[in-house]
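Opening the notebook on a new structure today. I want to go through it piece by piece and jot down what I look up.

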Amino acid sequence: MSSKPTTKLKENPFTKRREPLGFMLWLGVIGSSLLFTSIFVIFLVQMHKETGHMIVLPDMFWLSTLVILFSSITLHEANLAFASERFLHYRVFLGTTLLLGIAFVLLQAGGWAEMLNAGIFNGITTSSGLVYLLTGLHLVHIIAGVIYLSMLFQKAVKNRTYIDSFVYSVNPPNRLRIKLLTRYWHFTGALWLVVFLFLIVLY
């Protein structure tokens with residue numbers, strides 16, 4: 001007696017069960033992208049309405065761009081080390097990423113101070129205000145990432161022995177945390193690059 005071949009139902013990509021934290025992160029990424037896009041549009045409209053001296057972007061913004069791009073590389077290396085159970089390298093690269101994130105925050109603050117000393121707020125316009133809005137909103141994103149990075153690094157340092165690190169690494173929620181942080185950090189790096197290039201083109 002021949003049995004009929006069973007047909008496997010194709011799963012609908014719009015109705016399949018998704019990982020909630022990952023889905024929430026994607027929603028946050030989409031929301032942030034829409035927010036910055038709206039600010040870009042407002043910026044362009046105001047630039048056509050206003051005339052006057054253009055803002056010179058501080059040198060620290062250029063340096064911070066290199067820092068955030070390099071931090072994406074170190075975090076990627078931390079992921080590779082974590083997946084291949086090279087836990088010492090994981091701690092080193094994760095700690096390096098944390099230091100680079102802190103350096104980015106300090107460089108951005110220094111850039112703000114440089115613009116303040118240059119008298120940007122003297123006779124401030126909507127366009128110059130939007131520069132602070134764009135860089136400030138992005139800085140909030142970076143600070144959130146730095147806080148979460150510090151939490152992961154603290155756990156990585158706590159699990160110093162190979163056994164503790166291995167037990168930590170095979171735990172699916174821990175793998176997910178690192179994966180989501182990496183996705184978020186790469187997004188903030190790409191977001192800053194877009195913001196920075198946008199300001200360079202306009203100014």
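Where does UniProt place the feature "transmembrane region"? I pulled the record, an unreviewed entry, and it lists residues 21-45, 60-80, 92-110, 130-153 and 184-202. Note to self: the coordinates I have are a predicted model.

**Overall fold**

I looked up the secondary structure next. The protein has six helices and zero strands, so the pattern along the sequence reads α-α-α-α-α-α. I also checked burial: of the 203 residues, 39% are buried.

**Two of the annotated stretches**

I took residues 60-80 and looked at what the chain does there. The stretch is 100% helix and 0% strand, with its end C-alpha atoms 30 Å apart. Then I did residues 130-153, where I again got 100% helix and 0% strand. In that stretch the end C-alpha atoms are 34 Å apart.

**Nonpolar patch on the surface**

Which residues form a nonpolar patch on the surface? I wrote down Trp 62, Leu 69, Leu 193, Leu 197 and Ile 200, which together have about 420 Å² of accessible area. Two elements, α2 (59-83) and α6 (172-202), each give two or more residues to this patch. The one that gives the most is α6, with three residues.

I stopped at Trp 62, which sits in helix α2. Its relative accessibility is 47%, so I file Trp 62 under partly exposed.

**The cavity**

I searched the whole structure for cavities of 30 Å³ or more and got one. About 40 Å³ of space lies in the largest cavity. What lines the largest cavity? My list reads Phe 82, Phe 87, Tyr 90, Arg 91, Ala 156, Asn 159, Ser 165 and Tyr 168. Both α3 (87-117) and α5 (162-169) supply at least two residues of that lining. The top contributor is α3, with three residues.

**Second largest pocket**

I moved on to the second largest pocket, which has a volume of about 220 Å³. Its lining is made of Leu 21, Leu 25, Ala 144, Gly 145, Tyr 148, Arg 177, Leu 180, Leu 181 and Tyr 184. Three elements give two or more residues to this lining: α1 (20-49), α4 (126-158) and α6. Which of them has the largest share? That turned out to be α6, with four residues.

**Leu 152 and Arg 177**

I had Arg 177 on my pocket list, and I looked up how it sits relative to Leu 152. The two are 25 residues apart along the chain, and their C-alpha atoms are separated by 8.4 Å. Leu 152 has its place in helix α4. Buried or exposed, which is Leu 152? I have Leu 152 down as buried, because its relative accessible area is 3% and the cut-off for buried is under 20%.

**A backbone oddity**

Last stop was Glu 85, in the loop between α2 and α3. Phi of Glu 85 is near 65 degrees, and I flagged this as a positive value in a residue other than glycine. I checked accessibility here too: Glu 85 has a relative accessible area of 33%, so I call Glu 85 partly exposed.

How values were computed. Residues numbered from 1 in each chain as written. Predicted model: local features only at pLDDT ≥ 70, side-chain atom pairs only at ≥ 80, totals over all residues. Heavy atoms only, no water. Patch = residues over 30% accessible without salt bridge, like charges linked within 9 Å, V, L, I, M, F, W, Y side chains within 5 Å. Areas by Shrake-Rupley, 256 points an atom, 1.4 Å probe, with all protein chains shown as cover. Salt bridge = Lys/Arg side-chain N within 4 Å of Asp/Glu carboxyl O. Buried < 20%, exposed > 50% of the residue type's maximum accessible area, 1.4 Å probe, protein only. UniProt positions renumbered as here; feature names shortened; annotations may be inferred. 1 Å grid on protein atoms, 1.4 Å probe; cavity = no way out; pocket = protein on both sides within 12 Å on 5 of 7 lines; lining within 4 Å. Points joined across faces, edges and corners; volume = space filled by probe spheres on them.
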